[in-house]
Amino acid sequence: MKEKLDHALEEAYHTFKRGDKEKLREWTREVISLEERCSAFDKLVPLVKSVQKNVKTIIKETEVPEELSSAIASIVYFTCFYGMPSFQRFTAQIAFKFRDKYVERIQQKHKGVDDGVYQSLNYKPSKDEIKDRSKDLSSLSKKREKEEKQLLKNSGSALVSTITDIPSALANMSAKKPAKKSKSSRRSSKVQDESDSDSDSDSDSDSNEDEEEY
């Protein structure tokens, strides 16, 4: 149900953006109905817990226990609106144990169903309520639209800034990268080193000769 409600709210937003007021009222009616059904489920939770705690009692009884009749009827009735697998299995088991007619009376005449659960499941909003809620949804949609435009603007600015910074970043990388020595420079350096080595050898040789003469 929560997913359906989220979907209805999303459709109401996009309908507002298209400017379709009639369709917006339809989605507003759907939103209100789904909110009420979510409320019905919340009211059903304690009734389900009550049935779970008393499963053994239900199994051993040949008739529906009076203290659990409202809880059981409410779960069975809820299954008419939402076919949750666990609720469907429960309804089938109840029909098998207490007869099909018992389930039919609940589903067709809501016999024994909790009033709050019944009213929420069958809630029909008035025109005034739809009108007022439609204004609320329009106000929320305006705010969301404005926020999305701002986010889009900011993301666009960030993209432009990034693209603009790329050439500068490349230039900085190029400037920081040490220049490679050319082959000719390396050769000249090597020749110079060899020349210096030869000079050192000659100097050593001359020095040795002078020592011998001495």
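Start by selecting tyrosine 77: with a relative accessibility of 6%, this residue counts as buried. Keep in mind as you look around that the model is predicted. Tyrosine 77 belongs to helix H4 and has an aromatic partner far along the chain, tyrosine 118 in helix H7, 41 residues apart from it. Add tyrosine 118 to your selection. Is it buried, partly exposed or exposed? Tyrosine 118 has a relative accessible area of 27%, so it is partly exposed.

Now look at how many such pairs there are. The whole structure holds six aromatic pairs. In the one on your screen, the ring centres of tyrosine 77 and tyrosine 118 sit 5.7 Å apart and the ring planes meet at 40°, so this pair is tilted.

Stay with tyrosine 77 a moment longer, then step to the next residue, phenylalanine 78, and show tyrosine 82 as well. Their ring centres are 5.6 Å apart with the planes at 35°, so here too the pair counts as tilted. Both phenylalanine 78 and tyrosine 82 are buried. Widen the selection to Phe41 and Phe87, and you have an aromatic cluster made up of Phe41, Phe78, Tyr82 and Phe87.

Time to colour the whole of helix H4, residues 69-78. How many of its ten residues are buried? Eight are, so the helix is largely enclosed by the rest of the structure. To see them, pick Ala71, Ile72, Ala73, Ser74, Ile75, Val76, Tyr77 and Phe78.

What do these buried residues pack against? Switch on the surrounding helices one by one: H2 (21-53), H3 (55-60), H5 (85-98), H6 (100-109) and H7 (115-121).

Hide the others and keep H4 with H5. Two packed helices are described by the angle between their axes and the distance between those axes. For H4 and H5, the angle is about 120° and the axes are 9 Å apart. The two helices are therefore oblique to each other, and H4 passes H5 in a left-handed crossing. On the H4 side, the contact is made by Ile72, Ile75, Val76 and Phe78, while H5 brings Phe87, Phe90, Thr91 and Ile94.

Zoom in on one of those, threonine 91, which is found in helix H5. Its relative accessibility is 8%, so threonine 91 counts as buried. Which residues does threonine 91 touch, once neighbours within four places in sequence are left aside? Look for Val76, Thr79, Val103 and Gln107.

Next, leave H5 and move into the loop between H5 and H6, where you'll find arginine 99. Check the backbone here: arginine 99 has a positive phi of about 85°, although it is not a glycine.

Carry on to the loop between H6 and H7 and select histidine 110. This is another residue other than glycine with a positive phi, near 45°. Is histidine 110 buried, partly exposed or exposed? With a relative accessible area of 33%, histidine 110 is partly exposed.

For the last stop, show arginine 144 and tyrosine 13 together. Arginine 144 lies over the face of the tyrosine 13 ring, at 3.8 Å from the ring centre.

Technical notes:
Residues numbered from 1 in each chain as written. Predicted model: local features only at pLDDT ≥ 70, side-chain atom pairs only at ≥ 80, totals over all residues. Heavy atoms only, no water. Buried < 20%, exposed > 50% of the residue type's maximum accessible area, 1.4 Å probe, protein only. Helix = DSSP H or I, 4+ residues; strand = E, 2+ residues; numbered from the N terminus. Contact = heavy atoms within 4.5 Å. Phe/Tyr/Trp six-rings, centres within 6.5 Å; stacked < 30°, edge-to-face > 60°. Lys NZ or Arg CZ within 6 Å of the ring centre and 35° of its normal. Axes fitted to C-alpha atoms, helices over the stretch in contact; angles between N-to-C directions. Parallel < 35°, antiparallel > 145°, perpendicular 65-115°, else oblique. Left-handed = near helix turned anticlockwise from the far one by under 90°.
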